[in-house]
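Student: Hi! Could you walk me through this one before class?
Tutor: Sure, have a look at it and then ask away.

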2 protein chains.
Amino acid sequence: MAEFLIRKLEHFTSLSSEDKLALDQAARQRTRRIRSRDDIVHEGDMPQGVNLILDGWACRYKTLEDGRRQIIAYLLPGDLCDQTVSVLREMDHSIGTVTAVTLAEIPTETMRQLTAGQARLSQALAWESLVTAAIQREWTVNIGQRTAFERLGHLLCELFVRLRAVGLTQGTTCDLPLTQAEIADTIGLSVVHVNRTLQELRSVGLISLRGRELTIHRLEALQRAVQFNPNYLHLGREGRHLDSNEA
Amino acid sequence: MAEFLIRKLEHFTSLSSEDKLALDQAARQRTRRIRSRDDIVHEGDMPQGVNLILDGWACRYKTLEDGRRQIIAYLLPGDLCDQTVSVLREMDHSIGTVTAVTLAEIPTETMRQLTAGQARLSQALAWESLVTAAIQREWTVNIGQRTAFERLGHLLCELFVRLRAVGLTQGTTCDLPLTQAEIADTIGLSVVHVNRTLQELRSVGLISLRGRELTIHRLEALQRAVQFNPNYLHLGREGRHLDSNEA
DNA sequence: CATCAAGCTTAACTTTTGTTATGACAAAAA
DNA sequence: TTTTTGTCATAACAAAAGTTAAGCTTGATG
């Protein structure tokens, strides 16, 4: 049930079988299925317990009064949303699905038990939330400093590496269920410019993208071209391995 | 000692005198003074205990290989950096000062005691770190979706409201120790364009900025003009008050 | 006080990115 | 099947933002 989360956490530390069992049972208590392009949480809602993405893609987003929308984060299988958010009075952003999503609602109390118990597991969960924050910071850098080409390439690298960390890539290929409009709202570009930039990435032979299938032909080359440094994902050995591939 | 932090936390909840004493003593244990435009923490360093800004401005930033720099966050008096970051192996970004800074280094163990003890205080500290994350998300929206005019105005609103929350504004005025180059690196614009945009904000009579003194003549008007909605700062009553001013 | 350096301001010009529009295509709905 | 709708692709043009360069202020320093 919590296989993706477990796989992700094990990049940070190895978990005991009790740890894994506890996670798995927490994920089993209450699951929910939401259809594609639907909202899970609305801005203004009272925060509930923690959601764990079991399957599918979701995103955090914020909408301005005039309709402009910014996608703030992607939530992939194994991602936890809002570990401690129940402290706040209301949500300041929404969470919506990209594809159909299965999620586990983990009650606050269960979460407390998990983080209060084994040091290993609670450290691993702290690590997950620190990595989430690090990703958010990197997005600020990405949108603030990089060119359109770099921004898009960087996003694709990140998504690919994160998916690979939970075993959701096949060789150099992964599923990419985003429309160009969604990509545009993610990296702060217009749809037309995203299209132009995708053509550019294709024409230099770094990627293929057809339908929902993304192939990154030479990941190391793409990383270099867009200055993607995976250290902010703190993937331990795998992160280091990627670094050395770069040289 | 921890007066600014206490004032900030009291926007969320009222603290007992034991809570305040505990914070004050934690802030007294080891303080450090760093001069202006100097680094506090370098990317690649091993994370240490928690730093509390007692006085002055600092910022988180990341530098790309070719020298481009993005300021990721501002750390103002009363701000805590990296409450739980010691879980990570190394820092993925740097922290530098803007002005001369006095900070308190709170050992991990002291921090653990503060968050493990009184529910009130530990909730307040959780709130502080959730607000930090919310600010980071809002910056993604700001840089991703807003025009230069809105971006700059939004930044000024945020800094003003955050300073006001710790009592560091005088009427419609506050200290703004940033150079235009630093502002540029914050909102992803060139220095020249920041200058142009500042002129625009001045010419429509929304702000004055001379030397280090920023005056926001009509905060509500500026908020409306740049779509600044302070709800993401979760300042409780003060936040709501601002909302109603908008109408 | 004079000198210097950093930061600010402005202009002219270039590049990047956004906008509008249109057609092709493909998947979903009637 | 036909129709509709959403997505992708491309072009032509417009607007926003970047670059380079120069002169100006101001505050620090000798």
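We will talk about the DNA contacts and then about some salt bridges.

Tutor: One thing to keep in mind is that this is a predicted model.

Student: Okay! Which residues are closest to DNA strand C?
Tutor: The closest are A:Ser190, A:Arg196, B:Gln180, B:Asn195 and B:Arg202. They belong to a set of 14 residues that surround the strand.

Student: What classes of residue make up the surface near DNA strand C?
Tutor: That surface has seven polar, four nonpolar and three charged residues.

Student: And which helices supply at least two residues each there?
Tutor: Helix H7 (191-203) of chain A and helix H7 (191-203) of chain B each do that. The largest share comes from H7(B), with five residues.

Student: Which part of the DNA is by the protein, bases or sugar and phosphate?
Tutor: Both parts are there. Of the atoms of DNA strand C within 4 Å of the protein, 63% belong to sugar or phosphate, and the rest belong to bases.

Student: Cool, what does A:Arg196 sit by?
Tutor: An N or O atom in the side chain of A:Arg196 is 2.7 Å from a base nitrogen of DNA strand C. With B:Asn195, a polar side-chain atom lies 2.8 Å from a phosphate oxygen of that strand. For A:Gly188, a backbone N or O atom lies 3.5 Å from a phosphate oxygen of DNA strand C.

Student: New topic! How many salt bridges are there over all chains?
Tutor: There are 40. In one of them, the side chains of A:Glu158 and A:Arg162 meet at 3.0 Å, N to O.

Student: How far apart are A:Glu158 and A:Arg162 along helix H5?
Tutor: They are four residues apart in helix H5 (residues 148-165) of chain A, so about one helical turn separates them.

Student: Is A:Glu158 buried or exposed?
Tutor: A:Glu158 is buried, with a relative accessible area of 0%. A:Arg162 is buried too, at 12%. Both are linked with A:Lys8, A:Asp79 and A:Glu128 in a network of salt bridges.

Student: What about chain B, which residue does B:Glu105 pair with?
Tutor: B:Glu105 forms a salt bridge with B:Arg32, and their closest N and O atoms are 2.7 Å apart. B:Glu105 lies in strand E8 and B:Arg32 in strand E1, so the pair ties together parts of chain B that are 73 residues apart in sequence. B:Glu105 counts as buried at 18% relative accessibility, while B:Arg32 is partly exposed at 33%.

Note on methods
Residues are numbered from 1 along each chain as its sequence is written. Chains are lettered from A and ligands numbered from 1 in the order in which they are written. This is a predicted model: local features need pLDDT of at least 70, side-chain atom pairs count only at pLDDT 80 or more; totals for chains, interfaces and linings use all residues. Side-chain values use heavy atoms; hydrogens and water are left out. A residue is near a molecule or strand if one of its heavy atoms lies within 4 Å of it. A polar contact is a pair of N or O atoms within 3.5 Å; within protein, one must be able to donate a hydrogen and the other to accept it, and residues adjacent in sequence count only if both atoms are side-chain atoms. Ala, Val, Leu, Ile, Met, Phe, Trp, Tyr, Cys and Pro count as nonpolar, Asp, Glu, Lys and Arg as charged, and the others, Gly among them, as polar. A salt bridge is a side-chain nitrogen of Lys or Arg within 4 Å of a carboxyl oxygen of Asp or Glu. Buried means under 20% relative accessible area, exposed over 50%, partly exposed in between (1.4 Å probe, protein chains only).
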